[in-house]
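Here is a short briefing to keep beside you while you look through the model. Have the viewer ready, and pick out the residues as they come up.

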Amino acid sequence: MTAPREEVLLRHGNATRVAHWAVAIAFVALFLSGLALFHPFFFWISALFGGGPFLRILHPFAGVALVLVFYPYAAAHLRDNRWLPVDGRWVRNMGAYMRNEHPDVGETHKYNAGQKLMYWSMIPILALLLLTGLLVWQPWIAPHVPAGVRRAAGLLHAVGAFVMFVGIGIHVYAAIWTKGSIDAMIRGTVSGAWARFHHPAWYREMTGREPR
Amino acid sequence: MALQSLDVRNVSARTSPPPSARTTLEVAKLIDVSRCIGCKACQSACMEWNDLRDEIGVNAGAYTNPPDLSDQSWTLMRFTEEEIDGQLRWLILKEGCLHCAEPGCLKACPAPGAIVQYASGIVDFHEEDCIGCGDCIAGCPFDIPRLSRRDSKVYKCTLCSDRVAVGLEPACVKTCPTMAISFGSKTDMRFAAEERLPDLRERGFAHAAVYDPPGVGGTHVLYVLPHGDRPEAYGLPRDPRLGGVLRLWRSGTARTAGVVTLFSVLVAGILHYMRRGPLEVPPERPGGKEA
């Protein structure tokens, strides 16, 4: 039996959406300020942060703020991101999925395998960035850290940031590509049809009805 | 210490080469440790010329005073007691920036123009462009730059770049009463240093040597060390190098490749969207099945 057209499901609650956009703002601030320090070509971005010295002061605080919001946010969604047997099927069909060929990826739950891979890659990368960032934090922590350790921390921080922002770039594009997902993160809701198509198992859990 | 009158060889975090048509004389300061009596006149002269006043500290049980370099002490007499060949030796080293030909501080610095290497070989910090990240301290193989707690800028010996620019010798050189410090062209100073060695060896310092470490491309502050086989006894690293980690961390090629990769993700997204279109929910057939 077809569900009514106007069916609406709550996908992201208020707390989730606030946490998501708080993390997003911190990410943008960290990306821009980090990029200014990463390559001299982008040093002009420091003007957006009140100049080089103030950018250097702000960047670590933004990083700590990000971590303080991100980990509780991630913890709250741990259950939905556990790796399930069905996720292997999504991974095997990833190419066709990305070619927009609508392959049969099995009955995905609240998050598909791509989203879960993003989730699980961000957790260690942010920990690495936090640790290496703390080690070079002037003027409090860095003076007590040996120069060799700070060089290594600087290198790992740059590599970690690169990996993270490539990942975030993919995440942002995937959200633009998958129609309805940005609306879902802004207003919190998706249509029943959207849920049936993208996350059939989650649809069943939410409504008790069969997705197809 | 900004000095536009000096010709520039290298600038921190630059995207294009600095103007480098003119070639000027490469200078060097020679510190003959064997002639140093530890009077600290050079320390005073440095304070006087640069208008620096360090905090009055406490006696830490050695002649070294203040106990370490700081934003207010750009040079320091380091006194160490070492047993060398069964004899107690009282070693004195005039500590300060060595003005490396390949400066680790400049390589590590992310702030455009904050560290400048002049054609003369002087490595100078332009504090007005310093952002206070302290990366230069991590990049220095000699642990010389010091971050000020007051203004979060990094300071070190300028080799009196302001004096050198107008044809004067550095303040410490001018004041040294035993002429343990001399100043001139790098070639002359290297020659004078080498010339000093036979005399020292004759006087029993069999391992006397010139300290001009090749790992950093040589320095523009040279030492004549009576116990040249043991530089670490004076507090100098035996074989200072920039090291692979610093080179990889600050590799311009790697960073540019990183930025290009990052932006190619953006381009790939645009192309993907143009070719494949958005992922949309297909219209449902009456039976509820995908059309």
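The notes below go through a buried arginine, the cysteines, the domains of chain B and some backbone features.

This is a predicted model. A good place to begin is A:R151, a buried residue without a salt bridge. On the cysteine side, there are zero disulfides over all chains.

**A buried arginine**
- You will find A:R151 in helix α6 of chain A, which covers residues 147-177.
- Which side chain of opposite charge is nearest to A:R151? That is B:D143, 9.5 Å away.
- A salt bridge would need a nitrogen–oxygen distance within 4 Å, so A:R151 and B:D143 do not form one.
- The side chain of A:R151 does reach a backbone oxygen, that of B:G139, at 3.3 Å.
- Leaving aside neighbours within four places in sequence, A:R151 is in contact with several residues of chain B, including B:A138, B:C140 and B:P141.
- Further along chain B, its contacts include B:R241, B:L242, B:V245, B:L246 and B:W249.

**Cysteines**
- With zero disulfides over all chains, it is worth seeing how far apart some of the sulfurs are.
- B:C42 is in no disulfide, and its nearest cysteine sulfur belongs to B:C172, 6.3 Å away.
- B:C42 is buried, at 8% relative accessible area.
- B:C176 is in no disulfide either; the sulfur of B:C39 is the nearest, at 6.2 Å.
- Is B:C176 buried or exposed? It is buried, with a relative accessible area of 14%.

**Domains of chain B**
- The domain assignment splits chain B into domain 1, residues 8-242, and domain 2, residues 250-277.
- Between the C-alpha centres of these two domains of chain B there are 44 Å.

**Backbone features**
- Most residues other than glycine have a negative phi, and most peptide bonds are trans, so the exceptions deserve a look.
- In chain A, a cis peptide bond joins A:Q138 and A:P139, with omega about -5°.
- A:P139 sits in the loop between α5 (113-135) and α6 of chain A.
- In chain B, B:N65 and B:P66 are joined by a cis peptide bond, with omega about -5°.
- The loop that holds B:P66 runs between α1 (41-50) and β3 (76-84) of chain B.
- A:H102 is not a glycine, yet has a positive phi of about 50°.
- The place of A:H102 is the loop between α4 (94-98) and α5 of chain A, and the residue is partly exposed at 30% relative accessibility.
- B:K40, also not a glycine, has a positive phi of about 70°.
- B:K40 lies in the loop between β2 (27-32) and α1 of chain B.

Note on methods:
Residues numbered from 1 in each chain as written. Chains lettered and ligands numbered in written order. Predicted model: local features only at pLDDT ≥ 70, side-chain atom pairs only at ≥ 80, totals over all residues. Heavy atoms only, no water. Disulfide = S-S within 2.5 Å. Buried < 20%, exposed > 50% of the residue type's maximum accessible area, 1.4 Å probe, protein only. Domains from an automatic or database assignment. Helix = DSSP H or I, 4+ residues; strand = E, 2+ residues; numbered from the N terminus. Lys, Arg positive; Asp, Glu negative; His and termini not counted. Polar contact = N/O pair within 3.5 Å; in protein donor to acceptor, adjacent residues only side chain to side chain. Contact = heavy atoms within 4.5 Å.
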